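Please open the model in your viewer and keep the sequence panel beside it. The stops below say what to select next and what is there.

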Amino acid sequence: MAGRIRDEDVAEVRSRARIDEVIGSHVALRNAGSGSLKGLCPFHDEKTPSFQVTPARGFYYCFGCGEGGDVITFLQKVENLSFAEAVQQLADRVGVQLRYTDGQGPGPAPGLRLRVLAANKAAEEFFAEQLTRPDALAARQFLASRGFDRDAAEHFGVGYAPRDGRALSRHLQGRGFSEQELVRAGLVRERGGFDFFQGRLLWPIRDAGSSVLGFGARRLYDDDRMPAKYLNTPETPVYKKSQVLYGLDLARTQIGKKGQAVVVEGYTDVMAAHLSGVDTAVASCGTAFGDDHARMLQRLMGGTDAFHGEVVFTFDGDAAGQAAALKVFKGDQHFIAQTYVAVEPSGLDPCDLRLQHGDAAVRELVGRRVPLYRFVMSNVLSQHDLDRADGRLQALRAAAPLVSSIRDTALVGGYARELAGLLGMDVEEVRAELARARRAPQPVRGGRADRDPGPEPAPGEGEEQRTPATPMPPVDDPRLDVERETLQLVVQRPDLFDAELGGLTPEHFTHPAYAGLLAAMRTALSREGGADWVGDVRAATDDPTVDQVAVALAVQPLRRPDPDQRYADIHVARVQLLAAGRQIADLKSRLQRTNPVEQTTRYNQMFTTLLELEAHRKELQVRSIGATD
């Protein structure tokens, strides 16, 4: 896979893709005056439009739910795409050939991806039609044996590849696709021009936007020259097996709504799960579930709350299932959501479970999920002789790192008691070992809350240390009007300010989001930025609230449509005047609490400072005259 998309190409895509056209294909927009457009927000239910788009600046912002960003951000959120996917989709749309930073050269030509996707879509339709023909009897019999009727096949787009080695190639070339395009799509083999899939049952593999990326195929005939039971599309410009999940197109909305993803092992398992009511099921395609898959699911679930989303893996209860669980546990740090395991004691996979015991059994399988760490811990304990004192101690030392790595530390106390019960040991002895495990250097598991754990709690304590998120500043608080309007001027008209922003510093602002935005502005000025001032400011902060405030101020119309230098200077003076007033009030309070006889030197120093502040305030008052013009 190519590396990171070059920054200049991202900027080119952002500048060429008209935000009003992209958003307009999802939201009905109307003219709101001052160069802005308004519509109903696609990210929350509302009856009165509060979603605003400013094409000239390339931003959108909803004053109802606080969602905002640029054209790339919008496509990411509305279609559940990664940043790279959104950039690539827009690049195809506006004709930009992307380049990558790892030296692999340019990516596919702008039209190639679209042609490959179009060929895949046409192939999907061809395969689905072939499933109804007489020579697809073996494929229909297989589906029936797994409990799937014609409606199920149509719902999931299941198809059949004829045994004729060139049937698909002839059909698609008749539709205007070249042989080279079909080879690049992985539909036709480069040598000989034979169809890649022959005599197999096929499932289309789609992305979150329902575009067909490739296919998964199952062997049906004993004389199939390809020995593998399952065969997948080779790597293509659109199909990367480590970055696709079967069923994602059907599950993505429910994954986002429910904050849950159920990971099963095969195509028929996904079908069985969805038909049974588990509509968040997905499966990896031709490869083990990996880190990229984990990040994909985390993105779909949102990820602002580290303790409400969940990823449920279905494993068999045998040794292979336990090994798979251990492998997932090692990659658990890629999840912010909690991870669980759903194990069927009989060893049946979801498809067989539905076939033998009905839809309710599949739902109950997921309902019986247990925390991944508990499943792994039980496996670890089973490897030791708990009837011997040394065996129990060895088991405790093996299990302690698992318990201490639990993401929600509020649960550690209860799990310590649970572990003590499983081992038959004193709970204080278990807590002491957990404390030692926490102090020992080890890979940190979990989400953002685990990356800077801070001081370790005492054994048995379960209070988690989390850094509170920066709150959004209220737009209806008149005490913040001056701060908000001044920063809005800096965001939209940076040409009215010098390199020091008129002397403004974060300390001049009372709300933490506004202080953070001013700090990001100063950071952006210290770097070698480009023509995108707002983009530079957003890139200078990792606080999502500050990022959203920058977007909101970029979108909201200025109070004066044509501000000049004097107008900007007046606003800077007003911010500094309010800050000076707060300093004077604080200093007067300290003076009142200071005894001028017993603390003469300290009192005189503060009094001198007060006189200087009062003189500075008078100067600011003069500069701020006319600020309301």
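Begin by selecting serine 34, which sits in the loop between strand E1 (30-33) and strand E2 (36-39) of what is, throughout, a predicted model. Serine 34 has a positive phi of about 55° although it is not a glycine, and with a relative accessible area of 69% this serine is exposed.

A second residue of this kind is leucine 501, whose phi is near 55°, again a positive value in a residue other than glycine. To find leucine 501, go to the loop between H21 and helix H22 (512-526). Is leucine 501 buried or exposed? At 3% relative accessibility, leucine 501 counts as buried, because the cut-off for that class is under 20% relative accessible area.

From that loop, step back into helix H21 and display the side chains of arginine 484 and aspartate 481, which form a salt bridge with their closest N and O atoms 2.3 Å apart. The two residues are three apart in helix H21 (residues 481-492), so about one helical turn separates them. An α-helix has 3.6 residues a turn, so residues three or four places apart point the same way. Arginine 484 is buried, with a relative accessible area of 10%, whereas aspartate 481 counts as partly exposed at 25% relative accessibility. Next, select Arg14, Asp70, Arg538 and Asp547 together, since salt bridges that share partners join these four into one network.

Keep aspartate 70 on display and add helix H3, because the next contact involves both. Aspartate 70 caps the N-terminal end of H3, with a side-chain oxygen lying 3.1 Å from the backbone nitrogen of isoleucine 72. Within helix H3 (residues 71-79), the buried residues include Val71, Ile72, Thr73, Phe74, Leu75 and Glu79.For another acidic side chain, move to aspartate 20, which lies in helix H2 (residues 19-24). The side chain of aspartate 20 makes a polar contact with the side chain of arginine 18, at 2.6 Å, and aspartate 20 itself is buried, with a relative accessible area of 17%.

The next stop returns to salt bridges, of which the count comes to 35. Side chains of opposite charge can pair when their charged atoms come close. Select aspartate 164 and arginine 170, a salt-bridged pair whose closest N and O atoms are 2.6 Å apart; aspartate 164 is partly exposed, with a relative accessible area of 37%. Then select aspartate 224 and arginine 200, whose side chains meet in a salt bridge of 3.0 Å, N to O. Aspartate 224 belongs to the loop between strand E8 (212-219) and strand E9 (230-232), and arginine 200 to strand E7 (residues 200-206), so this pair ties together parts that are 24 residues apart in sequence. How accessible is arginine 200? Arginine 200 is buried, with a relative accessible area of 1%, and aspartate 224, at 14% relative accessibility, counts as buried.

While strand E8 is in view, pick out glycine 216, which lies in that strand and counts as buried at 0% relative accessibility. Draw a distance from its C-alpha atom to that of tyrosine 246: the two residues are 30 apart along the chain, and their C-alpha atoms are separated by 8.9 Å.

A similar distance line can be drawn from arginine 175, which is found in the loop between helix H8 (167-174) and helix H9 (179-184). Arginine 175 and alanine 119 are 56 residues apart in sequence and 9.2 Å apart in space, C-alpha to C-alpha. At 47% relative accessibility, arginine 175 counts as partly exposed.

Now color helix H16 (residues 372-381) by accessibility, and note that this helix is mostly covered, with eight of its 10 residues buried. The buried residues of H16 are Leu372, Tyr373, Phe375, Val376, Met377, Asn379, Val380 and Leu381.

Finish at the surface by selecting Asp498, Asp562, Asp564 and Asp569, which form a negative patch there. To look at one of these in detail, center on aspartate 562, located in the loop between helix H24 (544-555) and helix H25 (565-592). Is aspartate 562 buried or exposed? Aspartate 562 is exposed, with a relative accessible area of 57%.

How values were computed: Residues numbered from 1 in each chain as written. Predicted model: local features only at pLDDT ≥ 70, side-chain atom pairs only at ≥ 80, totals over all residues. Heavy atoms only, no water. Patch = residues over 30% accessible without salt bridge, like charges linked within 9 Å, V, L, I, M, F, W, Y side chains within 5 Å. Areas by Shrake-Rupley, 256 points an atom, 1.4 Å probe, with all protein chains shown as cover. Lys, Arg positive; Asp, Glu negative; His and termini not counted. Charge placed at Lys NZ, Arg CZ, Asp CG, Glu CD. Helix = DSSP H or I, 4+ residues; strand = E, 2+ residues; numbered from the N terminus. Buried < 20%, exposed > 50% of the residue type's maximum accessible area, 1.4 Å probe, protein only. Polar contact = N/O pair within 3.5 Å; in protein donor to acceptor, adjacent residues only side chain to side chain.
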